[in-house]
Amino acid sequence: MSLLTPHLGFFVWTLVAFVIVLLLLKKFAWKPIIKSLNERESNIANSIATAERVKQEMAQMQSENEALLARAREERGQLLKEARDTKDKIINEAKEQAKVEANKIIAEAQVAINSQKMAALTDVKNQVGKLVIEVSEKVLRQELASKEAQEAHIKSLVDEVRMN
Amino acid sequence: MMKKRLKSFSTAVFSLFLLTISLSVKAGGGEGHGEKFDPGAAMLDHIADAHEFHFFTVGEGHDAFHATLPLPVILYSPERGLDIFMSSKFHHGEAIHNGYKLVGHDIVPVNDAGEADASVSVYDFSLTKNVVQMFLALAVLVWIMSSMAKKYKSGQGVTSAPRGLQNAIEPVIMFVRDDVAKPNLGPKYQKFLPYLLTLFFFILINNIFGLLPGAANVTGNIAFTAVLGIISLVVILASSNSHFWGHIFWFPGVPVPVKILMLPVELLGVFTKPFALIVRLFANMTAGHIIILSFVSLIFIFAEMTKVAGVAFTPVSIAFAVFIYIIEVLVAFIQAFIFTNLTAVFISQAIGDHHYEEDVHH
């Protein structure tokens with residue numbers, strides 16, 4: 001067994017050993033190991049991609065939220081402004097209406113006062129007339145108790161009519 | 001933390017390694033006080049394959065006690081048939097068994113007189129220490145990888161964080177996939193990944209086992225690297241396409257005389273590539289072992305001059321040997337990577353030269 005001449009027995013055994021080991025390792029070691037490593041790598045790659053996507057989604061959601069919030073704030077301001085306007089409008093309208101109503105009531109009241117005044121005046125006139133007639137009657141009854149007086153009076157009346 | 005532990009581990013391993021080596025070197029060098037210590041022979045003896053695991057020898061000659069682990073010898077001879085027995089039957093080269101004798105590390109057929117018989121050819125399929133150690137290393141490799149695969153199947157490392165051994169092995173697998181297979185083979189890498197992973201770990205585990213004290217120099221054996229190189233060649237040729245062959249037989253983009261000149265060069269290149277792989281791994285691993293053994297041998301060379309010189313040189317020798325040993329741990333990984341990476345490069349050349357084609361036609 002010199003150093004540089006290959007020994008047949010060892011050559012054959014090495015060949016057999018290499019082929020067997022290659023087949024054994026290929027089936028029982030490399031296949032599952034490489035498969036697992038690839039699986040793990042794709043897992044990690046997927047996880048990173050997912051994390052990145054989620055991060056982007058989060059950022060997008062946040063910006064959306066901010067936009068939404070800004071819009072909500074704006075709407076709130078608008079709503080408040082509208083409410084204030086409406087309030088003012090209602091108040092003004094109410095004031096206007098109240099003024100109109102008040103004027104109407106005042107006018108009606110004046111009319112009523114006038115009519116009642118007129119009625120009262122008419123009543124007073126009637127009463128006065130009646131009283132006058134009564135008093136006149138009484139006076140006349142007194143004055144015209146005698147026949148001559150009656151005739152004198154009629155005569156004056158007739159004179160009066162003639163004058164008219 | 002891990003690095004520190006690895007360092008102290010390798011130091012501990014190395015001390016043991018030294019112990020076994022020095023004992024056996026001394027045993028080898030000490031045979032017969034008159035003989036000079038031959039470092040070259042001792043080193044070659046240690047990096048060569050053997051029919052037994054030899055740890056140390058006490059005593060000399062026939063009374064010597066050899067601490068060895070005998071291994072089965074399997075011989076096939078067209079003339080004599082199949083013969084299976086334990087290597088202990090040879091009594092370390094002193095006995096003849098069934099007409100076979102151990103000469104050095106080789107088994108030779110002998111006749112009744114005990115002389116080499118040239119008329120009998122014998123094929124040695126023994127489970128030598130390289131074979132046994134390789135089987136052990138591969139059993140460990142298959143056990144580690146299948147237990148890891150089981151963990152992954154149960155979801156650990158997929159939906160949860162990897163734990164324990166997974167953290168040590170997974171980066172290596174990822175390295176082979178992402179830095180060897182993917183850049184060279186592009187989208188077709190998955191087809192070759194099991195082969196490349198097996199190749200890498202096959203070399204790595206045997207490199208590492210070869211560094212254990214008293215272990216065999218498996219990856220520094222030319223037969224071992226030849227198998228891997230030839231398998232690489234087969235894979236390269238099996239995956240080759242018309243571009244690859246067109247490139248070899250009719251080099252595109254050069255004048256016709258150059259095309260003819262390029263043909264033998266390119267054709268030779270097909271075989272030199274795996275041959276370079278074979279020699280590179282063999283030479284690197286063997287060289288590492290030889291350097292460590294050389295530093296240890298220096299102790300005995302100096303000791304042959306005077307005992308004082310031997311003792312004085314021991315710390316220096318050990319320091320250098322430790323340094324080289326740590327480098328060898330690194331080399332174990334680097335050579336596994338280089339072999340795998342170059343195989344991937346060669347496969348990529350075989351499966352497609354599309355870039356080149358575009359360059360030529362535009």
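This tour moves through a predicted model, from the whole of chain B to its helices, cores and sheets.

**Stop 1: the whole of chain B**

Select chain B and display it as a cartoon. Chain B contains 10 helices and eight strands. Of its 362 residues, 34% are buried. Many contacts reach across the sequence: among those in chain B between residues at least 6 apart, 64% join residues at least 24 apart.

Now colour the model by confidence. The average pLDDT of chain B is 83, and 87% of the residues score at least 70. For the model, ipTM is 0.81 and pTM is 0.73. Which elements of chain B have the lowest and the highest mean pLDDT? Helix H10 (residues 354-361) has the lowest, at 45, and H6(B) has the highest, at 93.

Select residues 21-34 of chain B next. Their pLDDT stays under 50, and the model gives this stretch 19 contacts beyond four places in sequence. Residues 356-362 of chain B also have a pLDDT below 50, with three contacts beyond near neighbours in sequence. Where pLDDT is low, the predicted coordinates should not be read in detail.

**Stop 2: helix H6 of chain B**

Select residues 222-238 of chain B, which form helix H6. How far apart are the end C-alpha atoms of this helix? They are 24 Å apart, and this agrees with the 24 Å that 17 residues should span at 1.5 Å a residue.

Show the side chains of the buried residues of H6(B), which include Ile222(B), Phe224(B), Val227(B), Leu228(B), Ile231(B) and Ile236(B). Small residues are easy to overlook in a viewer, so add them to the selection. Ala223(B), Ala226(B) and Gly229(B) are among the buried residues too. The buried residues pack against helix H1 (8-143) of chain A, and also against helix H5 (189-211), helix H8 (256-305) and helix H9 (307-351) of chain B.

Then pick Ile230(B), which lies in the helix H6 of chain B. Is Ile230(B) buried or partly exposed? Ile230(B) is partly exposed, because 16 other C-beta atoms lie within 10 Å, whereas a buried residue would need 20 or more. Draw a distance from the C-alpha atom of Ile230(B) to that of Leu268(B): the two are separated by 15 Å, and the residues are 38 apart along the chain.

**Stop 3: where the chains touch**

Select both chains and look at the contact between them. Chain A contributes 29 residues and chain B contributes 39 residues. On the side of chain A that touches chain B, 22 residues are nonpolar, four are polar and three are charged.

**Stop 4: the nonpolar cores**

The largest nonpolar core has 60 residues. Select Ala181(B), Leu196(B), Leu197(B), Leu199(B), Phe200(B), Ile203(B) and Ile347(B), which have the most contacts inside this core. The elements that give two or more residues to the core are H1 of chain A with helix H3 (129-153), helix H4 (165-185), H5, H6, H8 and H9 of chain B. Which element supplies the largest share? H5(B) does, with 14 residues.

Centre the view on Phe200(B). Leaving aside residues up to four places away in sequence, Phe200(B) touches Val176(B), Ala336(B) and Thr340(B). Another core, of 12 residues, lies apart from the largest one; Met43(B), Leu293(B), Phe300(B) and Ile324(B) are among its residues.

**Stop 5: the sheet S4-S3-S8**

Return to the cartoon and find the open sheet of three strands in chain B, ordered S4-S3-S8 with antiparallel pairing. Strand S4 (81-86) and strand S8 (123-124) stand at the edges; each has a single partner strand, so one side of each is left without a neighbour in the sheet.

Select strand S3 (residues 72-77), which pairs with S4(B) over six bridges. A hairpin of three residues joins S3(B) to S4(B). Across the pair, Ile74(B) stands opposite Ile84(B), and Val73(B) has Phe85(B) as its bridge partner.

**Stop 6: the sheet S5-S6-S7**

The last selection is an open sheet of three strands in chain B, in the order S5-S6-S7, also with antiparallel pairing. Here strand S5 (96-97) and strand S7 (106-109) occupy the edges, each with a single partner strand, so one side of each lacks a neighbour in the sheet. S5(B) is joined by two bridges to strand S6 (residues 100-103). To finish, label His97(B) and Tyr100(B), which stand opposite each other.

Technical notes
Residues are numbered from 1 along each chain as its sequence is written. Chains are lettered from A and ligands numbered from 1 in the order in which they are written. This is a predicted model: local features need pLDDT of at least 70, side-chain atom pairs count only at pLDDT 80 or more; totals for chains, interfaces and linings use all residues. Helices (H or I, at least four residues) and strands (E, at least two) are DSSP runs, numbered from the N terminus. The expected span of a helix is 1.5 Å times one less than its number of residues. Two residues are in contact if their C-beta atoms, placed from the backbone, lie within 7 Å. Ala, Val, Leu, Ile, Met, Phe, Trp, Tyr, Cys and Pro count as nonpolar, Asp, Glu, Lys and Arg as charged, and the others, Gly among them, as polar. A nonpolar core is a set of buried Ala, Val, Leu, Ile, Met, Phe, Trp, Tyr and Cys residues joined through C-beta atoms within 7 Å. pLDDT is the predictor's confidence in each residue, from 0 to 100. Two strands pair if DSSP finds at least two bridges between them.
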